[in-house]
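Student: I have a model open and would like to talk through what can be read from it. Can we start with charged side chains and then move around a bit?
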Amino acid sequence: KQWYQRRVAITAGGNVKHRFISTTLPVVDKLVTNPQGSHVFESLWDAADLELKSRLAQGLLMKEQVLKDNTYGAIIWKKCNLKSFKMGQKGWEASEKRKKRDLQEFRELINDENDSVSNLVVKKEKSTDCDSALIPLL
C-alpha cells in the first residue's frame, strides 16, 4: 500500500504536529475530496489543536461548493461541523471545546471502569476457598 492508503495516528510532539499540519493547508481541499486523502485529513484533524482546526476549517470554507459536490468532501464537511463554523466561529469553537472535554471525560470513565473490573477479577481469584461452600449439595 502507498503511504496515503494507511490511516496512522500522529504521535509526534506538538511542535512537529503543528508544522506538519500547517504544510498541508495549501492542499487540504485536494486531500478532502480524495478517497485516501480524506482519511489522511481525518487523522490530521484529530491531531490538530483548536487553532489549527480553525485554520483548516477556513481553508475548507473557501472550497465549500467543491466539498459539498464531492462524496468524501461532504462527509468531511459534516464530521468537522463546518456549517457551524460558517455560521459563527465562536459557537463552533465552543462546540469543539465541548467535544474535546466530553471525549476526555469518556476516556477517564473507561479507564476507571477497566480498573474496577480488574480489581474485581483479582478479588474473585483470591476468594476461591469460599466459593466451594456455595456449591449446592444434590
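Student: How far apart in helix 5 are glutamate 64 and lysine 68?
Tutor: In this predicted model, glutamate 64 and lysine 68 are four residues apart in helix 5, which covers residues 64-69, so about one helical turn separates them. Their side chains meet in a salt bridge, with an N to O distance of 2.8 Å.

Student: And glutamate 64, buried or exposed?
Tutor: Glutamate 64 is buried, because its relative accessible area is 15% and the cut-off for buried is under 20%. Its partner lysine 68 has a relative accessible area of 40%, so lysine 68 is partly exposed.

Student: Why would such side chains pair at all?
Tutor: As a general point, side chains of opposite charge can pair when their charged atoms come close.

Student: How many salt bridges does a search of the whole structure find?
Tutor: The search finds eight. One of the pairs is glutamate 96 with lysine 99, whose side chains meet at 3.2 Å, N to O. These two are three residues apart in helix 8, so about one helical turn separates them as well.

Student: What is the accessibility of that pair, glutamate 96 and lysine 99?
Tutor: Glutamate 96 counts as buried because its relative accessibility is 5%, whereas lysine 99, at 39%, counts as partly exposed. Both residues also belong to a network of salt bridges that links them with Lys53.

Student: Where does Lys53 turn up otherwise?
Tutor: Lys53 is among the buried residues of helix 4, which are Leu52, Lys53, Ser54, Leu56, Ala57, Gly59 and Leu60. Helix 4 itself spans residues 50-61, twelve residues in total, and its first and last C-alpha atoms are 16 Å apart, close to the 16 Å expected at 1.5 Å a residue.

Student: Back to helix 8 for a second: which residue does arginine 101 form a salt bridge with?
Tutor: The partner of arginine 101 is glutamate 105, and the closest N and O atoms of the two are 3.8 Å apart. Both residues lie in helix 8 with a spacing of four residues, about one turn of the helix. Arginine 101 is partly exposed, given its relative accessible area of 46%, and glutamate 105 is likewise partly exposed, at 43%.

Student: Which residues form the nonpolar patch on the surface?
Tutor: Leu103, Phe106, Leu109 and Ile110 form that patch, and together they have about 350 Å² of accessible area. Leucine 109, to take one of them, is placed in helix 8, residues 89-126, and counts as partly exposed because its relative accessibility is 44%.

Student: Changing topic, what about aspartate 29, buried or exposed?
Tutor: Aspartate 29, which lies in helix 2 (residues 28-32), is buried, because its relative accessible area is 12%. Once neighbours within four places in sequence are left aside, aspartate 29 is in contact with Leu60 and Lys63. Leu60 has already come up as one of the buried residues of helix 4.

Student: What is the phi of asparagine 81?
Tutor: Phi of asparagine 81 is near 55°, a positive value in a residue other than glycine. For context, most residues other than glycine have a negative phi. Asparagine 81 sits in the loop between helix 6 (71-79) and helix 7 (82-87), and at 23% relative accessibility it counts as partly exposed.

Student: Zooming out, how many helices and strands does the chain have?
Tutor: The chain has nine helices and zero strands. Of its 138 residues, 26% are buried. Among contacts with a separation of 6 or more, 62% come from residues 24 or more positions apart. The chain exposes about 10,000 Å², and carbon and sulfur atoms supply 56% of that area.

Student: Last thing, which elements have the lowest and the highest mean pLDDT?
Tutor: Helix 9 (residues 128-131) has the lowest mean pLDDT among the elements, at 51, and helix 6 has the highest, at 94. For the chain as a whole the mean pLDDT is 79, and 71% of its residues reach 70 or more.

Note on methods
Residues numbered from 1 in each chain as written. Predicted model: local features only at pLDDT ≥ 70, side-chain atom pairs only at ≥ 80, totals over all residues. Heavy atoms only, no water. Buried < 20%, exposed > 50% of the residue type's maximum accessible area, 1.4 Å probe, protein only. pLDDT = per-residue confidence, 0-100. Patch = residues over 30% accessible without salt bridge, like charges linked within 9 Å, V, L, I, M, F, W, Y side chains within 5 Å. Areas by Shrake-Rupley, 256 points an atom, 1.4 Å probe, with all protein chains shown as cover. Salt bridge = Lys/Arg side-chain N within 4 Å of Asp/Glu carboxyl O. Expected span 1.5 Å × (residues − 1). Contact = heavy atoms within 4.5 Å.
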